Amino acid sequence: MTQSNTPYNSVTDMSIVLMSMIMNTKLDKLFRKPFSTSLKRDDVFITSKLWNIYHEPHLVPTAIDRTLADLKLDYVDLYLIHWPVSFKPGEGNFPKDGDNFKTIDVPIEVTWKAMEALVKQGKVKSIGVSNFPIRILKQILAVAEIPPAVNQFECHPYLPCDELVSFCKQHNIQVTAYSPLGNPDWAKLTGSSFPGLLENEVIQKIAQKHNKSTADVLIRWHIDREVIVIPKSVTPSRIQSNFQVFDFKLDEEDLAAIKELAKINQRVVNPQFLPPGFWD
């Protein structure tokens, strides 16, 4: 992990790919001298996710305790239910029977109540969800003592998710966009004939108009929609560049041109374990 002079101190722990096991030694040292003389735990916002095999309420504490132990932390700032799909526990992270995933019926309301208990225990500061469509958000909101702070889902001009973004705003749920700049392997992942967003001609023309990069234009678009965007990068210069978006604004002509890209309606992340009509 490299330190940057930007205020980009966000760490997302993906327990499903065991990132915590890779990072734990570094996080343990991050807040202690001589590695850092100024950075404190409160200066870094750490997000982790509850994977699908831990949805049963008695397994939710097991999952967070394991994450905290791996990361050598007392708490995480934000804990998200990764997907509203429950896998059968005890058979690995992706239990399968032939080509089919082994799923079980765990009411999402029950999992949410277990998440709320983690806040009360001080193990997490805030709780939220990831990849939740409107109909499942409604199920949580109907029983929530602590409403979701965040819904994190794929969002970009090819997939603006206008209705979902609007619903979240109406219910004071912050939206975080993943794949906010599309994906560098767009054609390979989607089989689409359309170029990736960073190479899209519409975005390129707007970038030239404002003397900005295509990434700057896309980040500015998200900001104007009041969507949280945290582009992934390990390169300090690119991280710094991602903050050079507050000295220009997209005008109505720009926004209209970008809006037309929604007709492509292309999703990158659409795992096989989702039931038919999940995103409808």
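**Figure 1. Helix α8 and the residue that follows it.** Glu-226, which comes after α8, has a positive phi, near 60°. The model shown here and in the other views is a predicted one. Helix α8 itself spans residues 214–224 and is mostly covered, with 9 of its 11 residues buried. The buried residues include nonpolar side chains, among them Ala-215, Val-217, Leu-218, Ile-219 and Trp-221. Charged residues are also buried in α8, namely Asp-216 and Arg-220. Thr-214 and His-222 complete the buried set of α8.

**Figure 2. The chain as a whole.** The secondary structure of the chain consists of 10 helices and 9 strands. Of the 280 residues in the chain, 48% are buried. When contacts between residues at least 6 apart in sequence are considered, 72% of them join residues at least 24 apart. The close-up views below show individual contacts between helices and the surroundings of single residues.

**Figure 3. The crossing of helices α2 and α3.** Helix α2 covers residues 60–71, and its axis comes within 9 Å of the axis of α3, with a crossing angle of roughly 45°. That angle makes α2 oblique to α3. The crossing of the two helices is right-handed. On the α2 side, the contact is made by Val-60, Pro-61 and Ile-64, and on the α3 side by Thr-111, Ala-114, Met-115 and Leu-118. By class, the contact of α2 with α3 comprises 6 nonpolar residues, 1 polar residue and no charged residue.

**Figure 4. The surroundings of Ile-64.** Ile-64 is located in helix α2. Its relative accessibility is 0%, and Ile-64 therefore counts as buried. Outside its neighbours within four places in sequence, Ile-64 is in contact with Val-76, Tyr-79, Leu-118, Lys-123 and Val-124. Among these partners, Leu-118 is 54 residues away from Ile-64 along the chain, while the C-alpha atoms of the two residues are separated by 8.3 Å. Both Ile-64 and Leu-118 also take part in the contact between α2 and α3.

**Figure 5. The crossing of helices α3 and α4.** Helix α3 (residues 108–120) and helix α4 (residues 134–141) have axes that come within 9 Å and cross at roughly 55°. This angle makes α3 oblique to α4. The crossing in which α3 passes α4 is right-handed. Ile-108, Glu-109 and Trp-112 of α3 make the contact with Ile-136, Gln-139 and Ile-140 of α4. The contact of α3 with α4 contains 4 nonpolar, 1 polar and 1 charged residues.

**Figure 6. The buried side of helix α4.** Which residues of α4 are buried? They are Ile-136, Leu-137 and Ile-140. These residues cover an arc of only 105° around the axis and so lie on the same side of α4. An α-helix has 3.6 residues a turn, so residues three or four places apart point the same way. The elements covering the buried residues of α4 include α3, the strands β6 (124–130) and β7 (150–154), and α5 (162–170). Two of the buried residues, Ile-136 and Ile-140, belong to the contact with α3.

**Figure 7. The crossing of helices α7 and α10.** The axes of helix α7 (residues 201–210) and helix α10 (residues 252–260) come within 10 Å and cross at roughly 165°. The two helices are therefore roughly antiparallel to each other. The crossing of α7 past α10 is left-handed. From α7, the contact is made by Val-202, Ile-203, Ile-206, Lys-209 and His-210, and from α10 by Glu-253, Asp-254, Ala-257 and Ile-258. The residues in the contact of α7 with α10 comprise 5 nonpolar, 1 polar and 3 charged.

**Figure 8. The surroundings of Ile-264.** Ile-264 is placed in the segment after α10. Is Ile-264 buried or exposed? At 15% relative accessibility, Ile-264 counts as buried, because the cut-off for a buried residue is under 20%. With neighbours within four places in sequence left aside, the contacts of Ile-264 are with Tyr-158 and Phe-194. Phe-194 is 70 residues from Ile-264 in sequence, and the C-alpha to C-alpha distance between them is 8.2 Å.

Terms used: Residues numbered from 1 in each chain as written. Predicted model: local features only at pLDDT ≥ 70, side-chain atom pairs only at ≥ 80, totals over all residues. Heavy atoms only, no water. Axes fitted to C-alpha atoms, helices over the stretch in contact; angles between N-to-C directions. Helix = DSSP H or I, 4+ residues; strand = E, 2+ residues; numbered from the N terminus. Parallel < 35°, antiparallel > 145°, perpendicular 65-115°, else oblique. Left-handed = near helix turned anticlockwise from the far one by under 90°. Contact = heavy atoms within 4.5 Å. Buried < 20%, exposed > 50% of the residue type's maximum accessible area, 1.4 Å probe, protein only. Arc of directions from axis to C-beta.
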